[in-house]
Amino acid sequence: MALDATAVSLLVLGVLVVLATVADRVAGGALSAVPGALRDTALVGVLVAAAGVVFALVATDEALAAADSPVLSWMLVHRTPGLTTTAEAVSLIGGTVGTGGLAVVSAVVLFARGHRRTAVIWVVGVAAGSLTVRLVKLAVERPRPPEALRLAEEATASLPSGHALMSALGLTLTAAAVSALSVGTPRARAIRTAAIALAALGALVVGASRVYLGVHWTTDVSAGWLLGAALATTCLTLARVLDARDRLGDAPDHAATAPSLDRGTPDRVVDGP
């Protein structure tokens, strides 16, 4: 199991590096031209590598698993009917369908407002997140906490938490969409700040609810957040790089050799959360 988890992590990291190189070539050097794009690409690698460390440690000597039990025990001691009802509601609303669906809805709005390419990237990102959850669960096959401690029924493997991954991904993409659509309005900065804060808080609450309900270990949630953040950063960076390619294509020196994508559409995306 440890070999599978480590191999999956290294493979994904390698694929990301290759894709980043290819994307830079296709975009005519836009990756290195966009401020912060190389930094964000490196951040994706760090996030994936960190998730890989979680997989490897949990799968080998239970180094991180030993830290999971105290957290779950603390949650058990502090369970109350009111908190349980709240956690169940948060877990239901913040599930993979809920948060992933919210990102898809934001993509529909972006598409309707002319940000067609960005909308497609958002939808593909959500699909990639869903596929990632399934593939990693199959690769790691980590058991969930004891059934007697669970307040909800779950049949799949434990690592990573799909709720945590999709909330980090879906809420971040939604916040980025809100930020992009608010550009040019008097309160754009305040809206962007509020959207980022709500996305971060939402992802934290959703992940915590899964540990409280006893259906995930803390490290399951941590790995989900890391992978979700990596996918979200990938989507945001890709949108920015392709946007930069459009601007390069519109420049006089590149007009004949680098035609822009979606020419004539307002497909401009802010940096995002």
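Which residues in α8 meet which residues in α9?

**Figure 1. Contact between helices α8 and α9 in the predicted model.** From α8, the residues that take part are His-163, Ser-167, Ala-168, Leu-171, Thr-172, Ala-175, Val-178, Ser-179 and Ser-182. They meet Ala-188, Ile-191, Arg-192, Ala-195, Ile-196, Ala-199, Gly-202, Ala-203, Val-206 and Arg-210 of α9. By residue class, this contact comprises 11 nonpolar, six polar and two charged residues. The axes of α8 and α9 (residues 188-212) come within 9 Å and cross at roughly 170°. Angles over 145 degrees count as roughly antiparallel, and α8 and α9 are therefore roughly antiparallel to each other.

**Figure 2. The cis peptide bond from Leu-159 to Pro-160.** Omega for this bond is near 0°. Most peptide bonds, by contrast, are trans. Pro-160 belongs to the loop between α7 (116-140) and α8 (162-182).

**Figure 3. Surroundings of Ala-119 in helix α7.** Ala-119 has a relative accessibility of 3% and therefore counts as buried. When neighbours within four places in sequence are left aside, Ala-119 is in contact with Ala-107, Leu-110 and Phe-111. The C-alpha atoms of Ala-119 and Val-109 are 8.1 Å apart in space, and the two residues are separated by 10 residues in sequence.

**Figure 4. The salt bridge of Arg-142 with Asp-68.** The closest N and O atoms of this pair are 2.9 Å apart. Arg-142 is in the loop between α7 and α8, whereas Asp-68 is in helix α4 (residues 65-77), so the salt bridge ties together parts that are 74 residues apart in sequence. Both Arg-142 and Asp-68 are buried. The whole structure contains four salt bridges.

**Figure 5. Salt bridges of Glu-154 with Arg-144 and with Arg-210.** Between Arg-144 and Glu-154, the closest N and O atoms are 3.9 Å apart. Both residues of this pair lie in the loop between α7 and α8, 10 residues apart. Arg-144 counts as buried because its relative accessibility is 9%, whereas Glu-154, at 29%, counts as partly exposed. Between Glu-154 and Arg-210, the closest N and O atoms are 2.8 Å apart. Because Glu-154 is in the loop between α7 and α8 and Arg-210 is in helix α9, this salt bridge ties together parts that are 56 residues apart in sequence. Arg-210 is buried, with a relative accessible area of 2%. Elsewhere, Asp-68, Arg-142 and Asp-220 are joined into one network by salt bridges that share partners.

Terms used
Residues are numbered from 1 along each chain as its sequence is written. This is a predicted model: local features need pLDDT of at least 70, side-chain atom pairs count only at pLDDT 80 or more; totals for chains, interfaces and linings use all residues. Side-chain values use heavy atoms; hydrogens and water are left out. Helices (H or I, at least four residues) and strands (E, at least two) are DSSP runs, numbered from the N terminus. Axes are lines fitted to C-alpha atoms, for helices over the stretch in contact, and angles run from 0 to 180 degrees between N-to-C directions. Angles under 35 degrees count as roughly parallel, over 145 as roughly antiparallel, 65 to 115 as roughly perpendicular and the rest as oblique. Contact means heavy atoms within 4.5 Å. Ala, Val, Leu, Ile, Met, Phe, Trp, Tyr, Cys and Pro count as nonpolar, Asp, Glu, Lys and Arg as charged, and the others, Gly among them, as polar. Buried means under 20% relative accessible area, exposed over 50%, partly exposed in between (1.4 Å probe, protein chains only). A salt bridge is a side-chain nitrogen of Lys or Arg within 4 Å of a carboxyl oxygen of Asp or Glu.
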